[in-house]
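User: I should like a close look at one part of this protein, followed outward to whatever it adjoins. Please explain each term with its cut-offs as you use it.

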Amino acid sequence: MHADQVVYDHEAKKSHHDAVEVDAFTALAIEEQDHDIKYRTLSWQKATLLLFGEYVCLAILALAWSWSVLGWVCGFFITFGLGIVTWYTSYVLWQFCMRHPEAHDICDIAAILFPAIPRIAFEITGVMLLLNNIFLIGFHVFTGAKIFNTLSDGAVCTVAFQAITAVIGIIVSLPRTLNHVSIMSIVSAIAMGIAIILSMVYAGIEDHPLYGYGGNYPELGPVKTSVGLPGAPGFIAGTNAVLNITFLWIGQILYPSFIAEMKRPQDFPKALASLTILQLILFSVTAAVGYYYNGQYATAPIIGSLSEPWAKKSAFAFVLIPTVIIGAIYGNVAGKFLFKRILGNTKHAHSHSIVGWGTWIAIDIFIWAVAFVLGNVIPSMGDFLGIMSAAFDSFFGFIFWAVAYYHMNKNRLFTNWKMTTMTVINVIIFFLGLFMLGPGLYTSVDAIIADYAGAVRQPFSCASNAL
């Protein structure tokens, strides 16, 4: 029961809870003392930077488009509301990890959440983990080619640019611990921050945007914004706009892996609180500025709406660094899952042996090779974000943690008004996940079909995908 009390009666059980935590997690850290490669090395400050580096990505520059579909009020409240829900579900995730220190990743958690079918739950979640991360890496392969094409005016075949991005990603993904990746994550966040600032400044100083999805300027009239819904966006466009925002917030699939590599997993709430505040500020300001200056001409990413070629190139150049590094973070987590399945707890898993490094490098190449294929098959940035949100974020951002809440509180779900309120909230979260999975996946697939029916480049084409 101590994990339950952490949620709602923390002070009353703090001493007992901390003692259990210290015993369990200290024992796990002691086990690594004689290992060549030690994984439990992250402080909560480094965990914050690592997580923030993951979130400071190109998808932030798609927020202005989402707000152009939803308007000021809906855009802000959906962005803010999803932030609060994500913080809460992430806190539940941490509490569950504290109760189950033997869980090292999202697959271990799935096996505990569904005790009637632990092996099936583990394997299915493992496939989803790999697909989610490889889809994300494929998104970054796709983006890398878009950046190279924009900077070089399509000087080389797009497939070649995607291959170059994949090779760079393989090299950056070689470190086997997140502690090393955290340093790169800081560099990634700084570079993407510069790209975001430049995009907003350029949008503000230009006379007008270049184009929007509905037509070139001034075909859609003067730039304007809307307090409410701008007309009737339709179910598909509206749902995809919400899914794009959801994609930015949902990162819980990586959290168990981060918690498992922290010196003191007990400190994860500090990292989570810091992260959520930083995200709320960054997401809201970027979306608001981009929407204000581009209105109905907002594109995803907003760099595509800039009218001056030099402005596009100078802003987009900085995106190359986070494109590769964020891909490497997801590659690291996916790689560790496969690595553990292949080598288990043998000495090669934590030593500098030829077998250990050979296996790790082979996995690294395999992951980026599959991502390269996906980067060629899925036609647009918005399509990537929508289908990933629907297929994977529905589980890893919502459904799993409503089930985790049930497990930790199943004997007292309706014992008082506070527990009843929290139970109702978690039921809502569960059904939000189901909505994303059903109608959300339908709209995402429909958008991909519509793109292929329109004027998009074909898979493995040399046609430029430049902004």
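Analyst: Cys-462 has a relative accessibility of 51%, so it counts as exposed. In this scheme, a residue is buried when its relative accessible area is under 20%, exposed when over 50%, and partly exposed in between, using a 1.4 Å probe and protein chains only. The model is predicted, so local features need pLDDT of at least 70 and side-chain atom pairs count only at pLDDT 80 or more, whereas totals for chains, interfaces and linings use all residues. Residues are numbered from 1 along each chain as its sequence is written, and side-chain values use heavy atoms, with hydrogens and water left out.

To which residue is Cys-462 joined by a disulfide? Its partner is Cys-157, and the S to S distance is 2.0 Å. A disulfide here is a pair of cysteine sulfur atoms within 2.5 Å, and by this rule the count comes to one. The link between Cys-157 and Cys-462 is left-handed, with -90 degrees about the S-S bond. Cys-157 lies in the loop between helix 6 and helix 7 (158-172), while Cys-462 is in the segment after helix 16 (417-453), so the pair ties together parts that are 305 residues apart in sequence. Cys-157 counts as partly exposed, because its relative accessibility is 23%. Two further cysteines may be set beside this pair: Cys-97 counts as buried at 3% relative accessibility, and Cys-107 also counts as buried at 0%.

The loop that holds Cys-157 leads to the two helices on either side. Helices (H or I, at least four residues) and strands (E, at least two) are DSSP runs, numbered from the N terminus. Two packed helices are described by the angle between their axes and the distance between the axes. The axes are lines fitted to C-alpha atoms, for helices over the stretch in contact, and the angles run from 0 to 180 degrees between N-to-C directions. For helix 6 and helix 7 the angle is about 120 degrees, and the axes are 8 Å apart. Helix 6 is therefore oblique to helix 7; angles under 35 degrees count as roughly parallel, over 145 as roughly antiparallel, 65 to 115 as roughly perpendicular, and the rest as oblique. This crossing of helix 6 and helix 7 is right-handed, a crossing being right-handed if the near helix is turned clockwise from the far one by less than a right angle, and left-handed if anticlockwise.

Contact means heavy atoms within 4.5 Å. Among the helix 6 residues that meet helix 7 are His-140, Phe-142, Phe-148 and Ser-152, and the helix 7 side includes Thr-158, Phe-161 and Ile-168. By class, the residues of this contact between helix 6 and helix 7 are seven nonpolar, seven polar and no charged. Ala, Val, Leu, Ile, Met, Phe, Trp, Tyr, Cys and Pro count as nonpolar, Asp, Glu, Lys and Arg as charged, and the others, Gly among them, as polar.

Helix 6 (residues 118-152) also contains Thr-150. Is Thr-150 buried or exposed? Thr-150 is buried, because its relative accessible area is 5%. Leaving aside neighbours within four places in sequence, Thr-150 is in contact with Lys-313, Phe-316, Ala-466 and Leu-467.

A second helix pair can be read by the same terms. The axes of helix 13 (residues 320-343) and helix 14 (residues 354-377) come within 9 Å and cross at roughly 125 degrees. Helix 13 and helix 14 are therefore oblique to each other, and their crossing is right-handed. The contact of helix 13 with helix 14 has 13 nonpolar, six polar and one charged residues. Ala-328 lies in helix 13 and counts as buried, because its relative accessibility is 1%. Not counting residues up to four places away in sequence, Ala-328 touches Val-172, Ser-173 and Trp-368. The C-alpha atoms of Ala-328 and Pro-175 are separated by 9.2 Å, although these residues are 153 residues apart along the chain.

For the wider setting, the protein has 16 helices and two strands. Of its 467 residues, 56% count as buried. Residues 24 or more positions apart account for 85% of the contacts with a separation of 6 or more.
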